[in-house]
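Trainee: I'm new to this one. Could you take me through its pockets, with a close look at the second largest?

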Amino acid sequence: MTLDDRKKRTHNSVAKKLYDLMESKRSNLILSLDVTRGRDFFDILERVAPHIIMVKTHIDTMHGFDAEFIKRLISLKEKHSFLIFEDRKFADIGNTVKLQYTKGVFQIIEWADLVTAHIFPGPGAIVALRKAWKETRYERGLVILPQMTSEGNLFSPEVRDRALEIAKEYCDFVIGFIGASQGDGSLSLIRERAWPEFLIFVPGVNIQKQKDELSQTYVAPEMAIREGGDIIIVGRGIYEDEAPERASVEYKERAWSELMKREQSS
Ligand code: S5P
């Protein structure tokens, strides 16, 4: 199926926008901008924004977070056409995740197009996040985790299968999965079993390294896509490079040409 065929099947408007951005920017790259100072954040984002379809944040790691930060982020989003993905990995009872999504310092629902959630607490957490979304007029979506890239993680085939079911059940809100490309076929299995419209986002991508010193594992962009990922998530491989823009172009071109190869052969 082409990206366009897949886009037509999706029930969520954020997923539609992502498909559109992939085609218009010829990019399947997300920048995971895990720097903790606003100055560094915007300096890198300004340079890399033309090449990405989305920026992923961990907003609770940002020094001096305030409303001004969000204003600036949204103005860059409008200027360069990308979406905002807050990687909150919600993992509590429904009532708590709803509060975490909508209230407090960050009021994530106000500005993040997409968020992540674990399914360990059961579907109540997903139901609650979806309910919070339905109470607004915003276009929002959710990505769930059937796998992780960290060594020794406790994810199991049971969690993976349940994630696939939950995504189908709440397909107006859940737009896809975080996938871990480990060369063992488990990511391909998710791709085969998931509906085609679901997007698979693959972190743990780095051209220089195989792992970090804190159990993160990496593969090259080609491997992430070949195994069934649609979109790569790159953090340190870009923002720690001495030339982040040049690095982002390399990741973008390598991931995009692999995706096009996959599309043409399917
Ligand atoms: O399994 C996962 C899921 C996620 S969302 N492994 C990950 O690394 N991530 C996130 O991707 C992680 O929280 C971080 O923000 C990013 C990877 O960063 P990098 O610097 O290792 O590329």
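Mentor: The second largest pocket takes up about 170 Å³ in what is, keep in mind, a predicted model. If you want to find it on screen, start from its lining: M1, L3, R6, R191, P196, L259, R262, E263 and S266. Now sort those residues by helix. Both α1, which covers 3–9, and α11, which covers 244–265, put at least two residues into this lining. Of the elements involved, α11 gives the most, with three residues. As for chemistry, the lining of this second largest pocket splits into four nonpolar residues, four charged ones and one polar one.

It helps to put the largest pocket next to that. The space in the largest pocket comes to about 400 Å³, and 25 residues line it. To land in the right spot, look for K56, T149, P203, G204 and Q216, since these are the lining residues nearest the centre of the largest pocket. Strands and a helix both turn up here: β3 (83–90), β8 (231–234) and α10 (236–239) each bring at least two residues to the lining of the largest pocket. The largest share of that lining comes from α10, which supplies three residues. By type, the lining of the largest pocket holds ten nonpolar, nine polar and six charged residues.

So when you go back to the second pocket, pick out α11 for its three lining residues, then add α1 as another helix that supplies at least two.

How values were computed:
Residues are numbered from 1 along each chain as its sequence is written. This is a predicted model: local features need pLDDT of at least 70, side-chain atom pairs count only at pLDDT 80 or more; totals for chains, interfaces and linings use all residues. Side-chain values use heavy atoms; hydrogens and water are left out. On a 1 Å grid over the protein atoms alone, a cavity is a set of points where a 1.4 Å probe fits but cannot get out, and a pocket is an open set with protein on both sides within 12 Å along at least five of seven lines; lining residues have an atom within 4 Å of a point. Grid points are joined across faces, edges and corners, and a volume is the space filled by probe spheres set on the points. Helices (H or I, at least four residues) and strands (E, at least two) are DSSP runs, numbered from the N terminus. Ala, Val, Leu, Ile, Met, Phe, Trp, Tyr, Cys and Pro count as nonpolar, Asp, Glu, Lys and Arg as charged, and the others, Gly among them, as polar.
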